[in-house]
Amino acid sequence: MSFVVKIVTSQHFISSIIIIAFGIIATVIIEHGHRIYLKKTNNTVQMNAIVRSTFRLIKTTAWLIVLLAVLEVNNIRITSIIAGVGVAGAVFGMAMQDVFKDVLMGMHIINDKSFKVGDVIKIDGDEGIVTLFTLQTTQYTSINTGDHVTICNRNISKVAVSSGIYDINIGLRYDEDPDHVKEVFTGCAKKIKAIKGIRNAEYLAVQNFEASSVIYRIRYWCKPKDKWVMRRAAMGVLQKCIIESGLEIPYNQLDVHVVDSQGN
């Protein structure tokens with residue numbers, strides 16, 4: 001019993017208790033500050049993820065300092081421990097470098113406000129709706145295939161938020177009257193604009209001259225997630241306009257030369 005009393009009343013034990021108490025108080029203050037910050041701000045999901053990670057790092061650092069201080073007051077040399085932690089930290093850092101790259105890219109995306117949950121983005125030729133974003137990964141549902149895709153943030157080298165602007169190119173014969181084409185496609189654009197879900201549509205005139213056709217363009221605006229449904233509806237209207245107007249879409253033509261056995 002006297003041994004226990006001696007330990008409890010020793011300077012080392014009292015100092016350790018005081019240091020741990022300061023650690024507990026610091027943790028309470030940090031958590032309270034975190035709650036106050038969340039109440040007073042209206043951050044996005046991405047920013048809240050950074051804030052949460054930052055406060056966790058602060059608490060972890062505080063308790064690491066508490067641990068080292070307790071060891072120091074109990075005459076345990078921490079120099080060798082710090083050296084060992086340094087080596088372990090280097091090994092850990094090499095093993096976790098991909099995670100660090102993900103986090104850095106995630107913070108970069110948030111800082112630049114590149115995209116947010118609900119946006120339709122284009123990554124590596126695919127287009128999808130962002131369903132979840134963390135500092136390490138981005139998840140989206142592909143509009144083209146319906147697949148649920150998870151991509152590490154470090155692999156996002158180029159990303160674009162879809163504007164909702166889409167074009168339909170139509171190739172017509174060279175001998176079609178341009179004024180007649182303009183009249184037909186202008187009226188067609190108005191019909192496409194009337195489709196529920198399409199915000200606007202317009203005729204953009206000649207775009208290019210191909211080998212056997214002149215390329216005209218109609219542009220329409222809609223929500224990116226509805227682009228395929230709206231495109232099918234617009235193509236249906238366009239097909240009727242072309243049939244009713246008498247415009248002709250040229251077929252690919254090939255010149256075939258036949259040489260007989262006489263070389264003629």
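Me: How many bridges join E6 to strand E8, and in which direction do the two strands run?

Reply: Strands of a sheet pair through backbone hydrogen bonds, either parallel or antiparallel. In this predicted model, E6 and strand E8 (residues 214–222) run antiparallel and are joined by 8 bridges. One position to look at is glycine 171, which stands opposite isoleucine 215 in E8.

Me: In what order do the strands of that sheet lie?

Reply: The order is E6-E8-E7, in an open sheet of 3 strands with antiparallel pairing. Strand E6 (165–172) and strand E7 (198–209) have a single partner strand each and stand at the edges, so one side of each is left without a neighbour in the sheet. From one strand to the next, the twist averages 20°.

Me: Which helices pack on this sheet?

Reply: Helix H6 (residues 178–193) touches E6, E7 and E8, and its direction makes about 155° with that of E7. Helix H7 (residues 227–245) also packs on the sheet, with contacts to E6, E7 and E8. The direction of H7 makes about 30° with that of E6.

Me: What is the strand order in the sheet that contains E1?

Reply: That open sheet has 5 strands in the order E4-E3-E2-E1-E5, and the pairing is antiparallel. At its edges are E4 and strand E5 (159–161), each of which pairs on one side only. Neighbouring strands here are turned by 40° against each other on average, direction ignored. Within the sheet, strand E1 (residues 120–123) and strand E2 (residues 126–133) run antiparallel and are joined by 4 bridges. Isoleucine 121 has glycine 128 in E2 as its bridge partner.

Me: Where is aspartate 147 placed, and is the residue buried, exposed or partly exposed?

Reply: Aspartate 147 lies in the loop between strand E3 (137–142) and strand E4 (148–152). With a relative accessible area of 44%, aspartate 147 is partly exposed, because this class lies between the cut-offs of 20% and 50%. Leaving aside neighbours within four places in sequence, aspartate 147 is in contact with Tyr140, Thr141 and Ser142. Aspartate 147 and glycine 128 are 19 residues apart in sequence, and their C-alpha atoms are 9.0 Å apart in space.

Me: How many disulfides does a search of the whole structure find?

Reply: A disulfide is a covalent bond between the sulfur atoms of two cysteines. The search of the whole structure finds 0 disulfides. Cysteine 241 is in no disulfide, and the nearest cysteine sulfur, that of cysteine 188, is 3.2 Å away. The cut-off for a disulfide is 2.5 Å between the sulfur atoms. Cysteine 241 is buried, with a relative accessible area of 7%, whereas cysteine 152 counts as partly exposed at 25% relative accessibility.

Me: Which residues does the UniProt annotation "transmembrane region" cover?

Reply: According to the unreviewed UniProt entry, the annotation covers residues 12–30, 50–70 and 76–95. Over residues 12–30, the model's chain is 100% helix and 0% strand. The end C-alpha atoms of that stretch are 27 Å apart.

Me: Where in the chain is confidence lowest, and where is it highest?

Reply: Where pLDDT is low, the predicted coordinates should not be read in detail. In this chain, confidence is lowest in helix H1 (residues 2–8), at a mean of 60, and highest in E8, at 93. The chain averages a pLDDT of 81, and 81% of the residues score at least 70.

Definitions and conventions
Residues are numbered from 1 along each chain as its sequence is written. This is a predicted model: local features need pLDDT of at least 70, side-chain atom pairs count only at pLDDT 80 or more; totals for chains, interfaces and linings use all residues. Side-chain values use heavy atoms; hydrogens and water are left out. Two strands pair if DSSP finds at least two bridges between them. Axes are lines fitted to C-alpha atoms, for helices over the stretch in contact, and angles run from 0 to 180 degrees between N-to-C directions. Contact means heavy atoms within 4.5 Å. pLDDT is the predictor's confidence in each residue, from 0 to 100. Buried means under 20% relative accessible area, exposed over 50%, partly exposed in between (1.4 Å probe, protein chains only). UniProt positions are given in the numbering used here, feature names are shortened, and annotations may be inferred rather than shown by experiment.
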